[in-house]
Amino acid sequence: MAVLIQIIMAFAGSYGFALMFNVKRGHIIYAAVNGMLSWALYLAVQYFVGDILIASTAASLFASIYAQIAARIRLAPATQFMIIGLIPLIPGAPLYYSLYYTFVSDMELARQYGLNTLKYAFGIAIGISLVWASFHIANKILHRRFCKWKLTDWKSWASSMPRLSIAISLPRS
């Protein structure tokens, strides 16, 4: 039951951030579903694997792929789907506790929470980088394969077009 509440709250939090970031009305639900599903995947991987780095990497991989697909379906920038989808994955509590235990001079707990914060952040960065780089490479390959117009073709086509010369006569004073 607690997991279901977490997933519903991930949707609600993502929906709220989508409203706060002025995401278009037709894209809000898709962005919030991205946050909900990425958090559900994070919880599932965390339960079965138990490692924060692997769980946050898997969830951010999913959020990035979802954002790319939703951007192509909804004809919108992928970043708005991705940022909202990553909101539930932000390591707020470990960052807070690492700073808290630093101020209370419990360096062992501060180091432990700080390391968890770095694992979260590094996992999110890995997932985003892998997906965005692979989509960028795929777009370049598809563009080269299917795009027939090249810059040199455009120049030759433009030079073969007849030129229109319009004479404007201004009255002399």
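Rings of Phe, Tyr and Trp (its six-membered ring) pair if their centres lie within 6.5 Å, with planes under 30 degrees apart counted as stacked, over 60 as edge-to-face and the rest as tilted. This is a predicted model, in which local features need pLDDT of at least 70 and side-chain atom pairs count only at pLDDT 80 or more, whereas totals for chains, interfaces and linings use all residues. Residues are numbered from 1 along each chain as its sequence is written, and side-chain values use heavy atoms, with hydrogens and water left out.

**Exercise 1. Describe the aromatic cluster that contains Tyr96 and classify its ring pairs Tyr96–Tyr97 and Tyr97–Tyr113.**

Step 1. The search of the whole structure yields twelve aromatic pairs. In the pair of Tyr96 and Tyr97, the ring centres are 5.2 Å apart and the planes stand at 70 degrees, so this pair is edge-to-face.

Step 2. For Tyr97 and Tyr113 the centres are 5.4 Å apart and the planes lie at 35 degrees, so the pair is tilted. This pair links distant parts of the chain, since Tyr97 belongs to helix 5 (residues 92–103) and Tyr113 to helix 6 (residues 107–146), 16 residues apart.

Step 3. Accessibility is read on a scale where buried means under 20% relative accessible area, exposed over 50% and partly exposed in between (1.4 Å probe, protein chains only). Tyr96 is exposed at 51%, while Tyr97 is partly exposed at 35% and Tyr113 is partly exposed at 26%.

Step 4. The cluster is formed by Tyr96, Tyr97, Tyr100, Tyr101 and Tyr113.

**Exercise 2. Characterise the packing of helix 1 against helix 2 and of helix 3 against helix 4.**

Step 1. Helices (H or I, at least four residues) and strands (E, at least two) are DSSP runs, numbered from the N terminus. The chain has seven helices and zero strands.

Step 2. Axes are lines fitted to C-alpha atoms, for helices over the stretch in contact, and angles run from 0 to 180 degrees between N-to-C directions. The axes of helix 1 (residues 2–20) and helix 2 come within 8 Å and cross at roughly 145 degrees, and this crossing is right-handed (the near helix is turned clockwise from the far one by less than a right angle; anticlockwise would be left-handed).

Step 3. Contact means heavy atoms within 4.5 Å. Among the residues making the contact are Phe11 and Tyr15 of helix 1 and Met36 and Trp39 of helix 2. By class, the residues of this contact comprise 15 nonpolar, three polar and no charged (Ala, Val, Leu, Ile, Met, Phe, Trp, Tyr, Cys and Pro count as nonpolar, Asp, Glu, Lys and Arg as charged, the others, Gly among them, as polar).

Step 4. Helix 3 (residues 52–74) and helix 4 (residues 78–86) pack at an angle of about 145 degrees with their axes 8 Å apart, and their crossing is right-handed. The contact includes Ser60 and Arg74 of helix 3 and Phe81 and Met82 of helix 4, and its residues divide into eight nonpolar, four polar and one charged.

**Exercise 3. Place Ala125 relative to Ser60 and judge the confidence of the chain.**

Step 1. Ala125 is found in helix 6 and is partly exposed, with a relative accessible area of 37%. Its C-alpha atom is separated by 7.9 Å from that of Ser60, 65 residues apart along the chain.

Step 2. The chain averages a pLDDT (the predictor's confidence in each residue, from 0 to 100) of 84, and 83% of the residues score at least 70. Helix 2 (residues 25–48) has the highest mean among the elements, 93, and helix 7 (residues 151–160) the lowest, 51. Where pLDDT is low, the predicted coordinates should not be read in detail.
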